[in-house]
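Student: I would like a close look at one part of this model, and I am happy to read a long answer. Could you take me through it step by step?

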There are 4 protein chains.
Amino acid sequence: MRKICVFVGGRANYSSIKSVMSAIDCHPRLKLQIVLGASAVLERFGRVEALIRRDGFEPDYVFHNIVEGENPATMAKSTGLGLMDAAMVFDNLQPDMLVVVGDRYEMMSVTLAAAYMNIRVVHTMGGEVTGTIDESIRHAITKFAHIHFPANEDSRERIIKMGEDEKYVFNVGCPRMDLVAEELTNDSYSALKDLFVNYGGVGEVLDLSMPFLVVSQHAVTTEFGNNRQQIEQTLKALEELHLPTIMLWPNSDAGSDDISKGIRTYREKHNPSWLHLFKNLPTKMYIHLMNTTSCLVGNSSSGIRECAFIGTPVVNIGTRQNKRLHANNVLQVDYDYRKIKDAIISQLEHGRYERSNIYGDGTAGKKIANILADCSPPVQKTITY
Amino acid sequence: MRKICVFVGGRANYSSIKSVMSAIDCHPRLKLQIVLGASAVLERFGRVEALIRRDGFEPDYVFHNIVEGENPATMAKSTGLGLMDAAMVFDNLQPDMLVVVGDRYEMMSVTLAAAYMNIRVVHTMGGEVTGTIDESIRHAITKFAHIHFPANEDSRERIIKMGEDEKYVFNVGCPRMDLVAEELTNDSYSALKDLFVNYGGVGEVLDLSMPFLVVSQHAVTTEFGNNRQQIEQTLKALEELHLPTIMLWPNSDAGSDDISKGIRTYREKHNPSWLHLFKNLPTKMYIHLMNTTSCLVGNSSSGIRECAFIGTPVVNIGTRQNKRLHANNVLQVDYDYRKIKDAIISQLEHGRYERSNIYGDGTAGKKIANILADCSPPVQKTITY
Amino acid sequence: MRKICVFVGGRANYSSIKSVMSAIDCHPRLKLQIVLGASAVLERFGRVEALIRRDGFEPDYVFHNIVEGENPATMAKSTGLGLMDAAMVFDNLQPDMLVVVGDRYEMMSVTLAAAYMNIRVVHTMGGEVTGTIDESIRHAITKFAHIHFPANEDSRERIIKMGEDEKYVFNVGCPRMDLVAEELTNDSYSALKDLFVNYGGVGEVLDLSMPFLVVSQHAVTTEFGNNRQQIEQTLKALEELHLPTIMLWPNSDAGSDDISKGIRTYREKHNPSWLHLFKNLPTKMYIHLMNTTSCLVGNSSSGIRECAFIGTPVVNIGTRQNKRLHANNVLQVDYDYRKIKDAIISQLEHGRYERSNIYGDGTAGKKIANILADCSPPVQKTITY
Amino acid sequence: MRKICVFVGGRANYSSIKSVMSAIDCHPRLKLQIVLGASAVLERFGRVEALIRRDGFEPDYVFHNIVEGENPATMAKSTGLGLMDAAMVFDNLQPDMLVVVGDRYEMMSVTLAAAYMNIRVVHTMGGEVTGTIDESIRHAITKFAHIHFPANEDSRERIIKMGEDEKYVFNVGCPRMDLVAEELTNDSYSALKDLFVNYGGVGEVLDLSMPFLVVSQHAVTTEFGNNRQQIEQTLKALEELHLPTIMLWPNSDAGSDDISKGIRTYREKHNPSWLHLFKNLPTKMYIHLMNTTSCLVGNSSSGIRECAFIGTPVVNIGTRQNKRLHANNVLQVDYDYRKIKDAIISQLEHGRYERSNIYGDGTAGKKIANILADCSPPVQKTITY
């Protein structure tokens, strides 16, 4: 039995890998190991740990590695701490392979620990282009990874161009689409019925049978210092539109404190009746919101990926998703409240788009598990040119 | 004044960057900051710190980050600790750029800290191919680096192929050649006269006016567990040749304990009169040894680089320098005492080779300092394709 | 010049040592070094760092060591990280003495670093009895400390009984009284005039010319798991009293999340018009609140110390200040909303108490600086019996 | 079943707690958990880990926390790292109690982790007086410990005087005597027959049927900088005596490098035929050496404890055992080669002493296990006065 360890560092991570975890767990020749760290173990980010357990998974190890401060120095320090913890964890778990998702800073912790300890590194969502520190992290992980599962063809080609052996680069699509496909077999309006009762949040209850917006805007770490002003442009656009709006608090990147403060200050000052804030929603709820919203606004990768698969109109703001392959459902705008407002209006007029499979067809998890059961790349990698 | 921070993590590091440090220090528009860590601060590796001070440099920060154990898990843990330390150091020093040398595991510590903290990363010796964990580290650093100074043309092209912007990739040659060029203006035999008196070591005094070998063999981290047997093959070849031999103890990679033990056991058992061991020699002495030895044996990168510049015959053993560009002075062999022995004999018959400039012409330091004073790449990198 | 390093780990810390810092800074034979860490560098706790700078002090080093999670394991992990950071900081600052305040968990970090590095440890506020983990920490610091400055006679005697050399145990009073004495030369009602304008917080503006309560209740780490219920008893008592109440958010001990959540939930549910919450107030404002409130409620040490000096009526809840010497201004009650309510009513009826000097006369800072300039205990301590 | 976790940090530790581990393991109501760290996991200190496994124990967790450097700053840093590791380990193991031995610096790591995490701390060998940093550590651990097992009556009384509740302070004797008592049922000369064959070491084979010395001298951390000179006085005394001498390398305290260097330099210079060095000997061998040597020399605690139980003549040098209770078998001398030499001669003339039970009667392990099965002190400690 191959021991396949999956590291989950946060909520988005978990959505991106859950179908893979299930498929590994069910596979007769694979043994699933689960390690949780970073924001996945923090109350502040909605305790993904509890969610994972509710889904029937049992974490093998849990570590706390986020050093408070939310500035670039503590982001680095947290990664160092995670690396030390991961070294100890892997020394005890002795996995054959480690599955690493995407590109958040904590992913370098587990990637380095595994690579240095001669554990094969499996990377999902590599090869994408975003023009942020996440991009450097993503490509650096690619250089340590032994098996690559990019989420689209564009990315597959880029990974190979970077010198990776194409024998070990597989475009299986994005595992998040697996969840979307599965969840959308249910009716969205029924699913969302008790949203405000069940998940609380702050702000008034909104009528989701009417056109409404969903906003998810995260910190851009390389623009540390500007994040407060960026969210304020978005808020100003929303203020003028005065449409029912569901907004999500930002994740834990350096700069997220500024965004949170921007939102909090706005709320205290304007007490907007049209705005409802959620700390964290179950992925399922979020999928149904994407399926019913008139327009998704912000810089979340879900706008690029899931919304392509669903056909949701999206206004993507700023540089965070800069160069990620997107379908025609996305309008790209700067941090300028007028442009944000105009783009939202334009999307409202357009309405729903056609589904696109550029990020997969909803069967990525199973494809990945099958490949992991058989693929045996050498520990000692080398560039192809 | 641009603040350029140079991290030195060990003796080899220092030789690779010393001429750059001098050139930065002399440059009217650059301010040099020096940070020492990893094996550069340990007695066991010859206290490079003391050497650096003797050369007239004043370290701004010194940190201890090597976790004892010398296995893959502590290598990872040491890197994590170094990352935490580096975050704190850079937070205090606030450099504009960080210069990172090569590919040893501790280099990921400072690279990540700088990259996450929006400090531009300058990388020397990138783009080389060796087929070991060092190679993954080297390419990962490339993906974080903003300015690249590969040591040869081959590497420059590879870095660009990996998607780096060619505006920021400069083949200036290897800065270690600067030291060699400078040192070889002195006579080697005079320089080596009191080698055994001044630098002690263990074993009998050898007559360096006669043909002699120099051996430097380090652990191959991806072959952890085999290192003992690998050094034993080399020792067996040397045993049969019975030539005067100067051997250097291995550096601090995972597995170095096995090599040290192999050497120690051999010595205690055979008490070889032809073998003299040095823990650490000043770079100068090592240069003169390369200039006078009949053949350099092992897997040190000096055999590939400096010996090309000098014209020294080299027998390179095993996979550690696997795919590094080399001149025609190198014979490559497996871990097999017969092949090692035959290759040494063949090199003794050939004698000195012509000088090759594939690793530079001895002016890399100045070229680098000049570029750093003017070059301003964006903090936010992105791949070129 | 003796280099005296003062470590500040949070807001309460700073109030406890500020007059000492000033006195050291002014002393002709002492050089002040300032190191900040733990919650002193976090936004979430009101950025004591900024406050310190505004007071004219310049920190020599700042480190982030709080690992998120706010459970007992991360409290331990934070202490470990602080110890690693402190070792590096002291190695660079090379102080002759380290001043450590009180008993919070982070204080073990700097105490151990100093003691192991042969730096003399100076401890204020030792010898007190509280029956919590803080007490064990406090006494353990005493066993590492070379010079002791207990805040009252009772504590002085206890320290000597524990085997410390009485030559080095000085009852100088509590330095926090220095601040109180100085601040109360100003009129409290004028000072508080723009409290709500200047310091925001959440909840309605209260009329401080009428009788009002001040509540400050922190987590009890050895009762982890019960903290939510404990704060709920207090909130229930307050609910019934319906008096204007200023409440402070808890500090960063394990369990503080539960308290915060208890408060937040209560507010969202009851939307109490009588309650105003402040995240952090300047010490000055807090002193004037203690001077004007009808009763201070909770488990803050300020109820025991400052309120004795001022004569404020206090209701102290639960075990946190269990055995600390207190004057007759304090009523002690259990976690029971009826008893809390009754005690508050009883204090309202009693009104202001006579000032007590059991915690000093307001000149501790100068006394401490003078002693530090002359006192030279041996590095190598030993017990007296 | 109570889960009793024993932390072993080195060879001496293990000897001090082995009989307790066996007794816990055999007890029907106790479950033994074993955690190894510090020098117990390092080759350099003889891999106590392997020894423990050979004795039939299975470690539950192993962590590497020694940061290289062997100076006071890395001693502190190692403790910080150990504390972080221990927090994670205890979070996974969830022991009811932690058994901590003695007073070495790494013991603060596990003690703090346990105390902060509400795990009861059990301390053996507390209450002793040595006048070194170890003493401060020992007493600080006492202030965190819930149950105390001092090794003699003197220590029991001291712990109670320090304010610990006498209900939880038990003089059971020193568990190391259990091993001695058990081992000395075998004949020492037979046991030592193949000492040199089996355990190697460096230097010539000595005739142990003739009078011989055993020397064990460790670094005194508060005298960092003087350790080289101290060992040189001892070596000079030995040089003049020219008796067959078995010497042990020092343990890993700050300063041990200096002692090792002193010994190594002496050996290389004088090549003494009378001196044999062992890195580490099994405790059994060491017991038989204490039983047969004419005199034990140095500053090891075994001279004070085991040698009292056996009746071995001892010359104790310097301050390390300064104030530990000793029987009349010990002569105390300064770091002065003349005094050392005279004291050795005087002990040779005196010969064997009477056995003393001041450090126990050889049944400590069982007594401790029985008490741990029943004793339930409150988590929340407080001083008795």
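Student: How many Å separate the centres of domain 1 of chain A and domain 2 of chain A, taken over C-alpha atoms?

Tutor: Happy to help, and a word on conventions comes before the details. This is a predicted model, in which local features need pLDDT of at least 70 and side-chain atom pairs count only at pLDDT 80 or more, while totals for chains, interfaces and linings use all residues. Residues are numbered from 1 along each chain as its sequence is written, and chains are lettered from A and ligands numbered from 1 in the order in which they are written.

Now to your question: the centres of domain 1 and domain 2 of chain A, taken over C-alpha atoms, are 26 Å apart. Domain 1 covers 2-172 + 363-374, and domain 2 covers 181-350; these bounds come from an automatic or database domain assignment. Where the domains meet, domain 1 of chain A contributes 21 residues and domain 2 of chain A contributes 20. Two residues are in contact here if their C-beta atoms, placed from the backbone, lie within 7 Å. On the domain 1 side, the elements giving two or more residues are α1 (11-26) and α3 of chain A, and α1(A) has the largest share, with 3 residues. Helices (H or I, at least four residues) and strands (E, at least two) are DSSP runs, numbered from the N terminus. That side of domain 1 divides into 8 nonpolar, 9 polar and 4 charged residues. In this scheme, Ala, Val, Leu, Ile, Met, Phe, Trp, Tyr, Cys and Pro count as nonpolar, Asp, Glu, Lys and Arg as charged, and the others, Gly among them, as polar.

Stepping back to the chain that holds both domains, chain A has 16 helices and 13 strands. Its C-alpha trace spans about 55 × 40 × 40 Å along the principal axes. The radius of gyration of chain A is 20 Å, which agrees with the value near 21 Å for a compact globule of 385 residues; the radius is taken over C-alpha atoms, and the globule rule is 2.2 Å times the number of residues to the power 0.38. Of the 385 residues in chain A, 62% are buried, a term for residues with 20 or more other C-beta atoms within 10 Å of their own, with C-beta atoms placed from the backbone (exposed is 12 or fewer, partly exposed in between). Among contacts in chain A between residues at least 6 apart in sequence, 73% join residues at least 24 apart.

Chain A also touches a neighbour. The contact between chain A and chain B takes 43 residues from each of them. On the chain A side, α3 (72-93), α4 (107-116), α5 (133-144) and α6 (153-161) each supply at least two residues, and α3(A) gives the most, with 12. By class, this side of chain A has 24 nonpolar, 11 polar and 8 charged residues.

Chain B in turn meets chain D, with 12 residues from chain B and 12 from chain D. Helix α3 (residues 72-93) of chain B provides the largest share of the chain B side, 3 residues. That side of chain B has 5 nonpolar, 3 polar and 4 charged residues.
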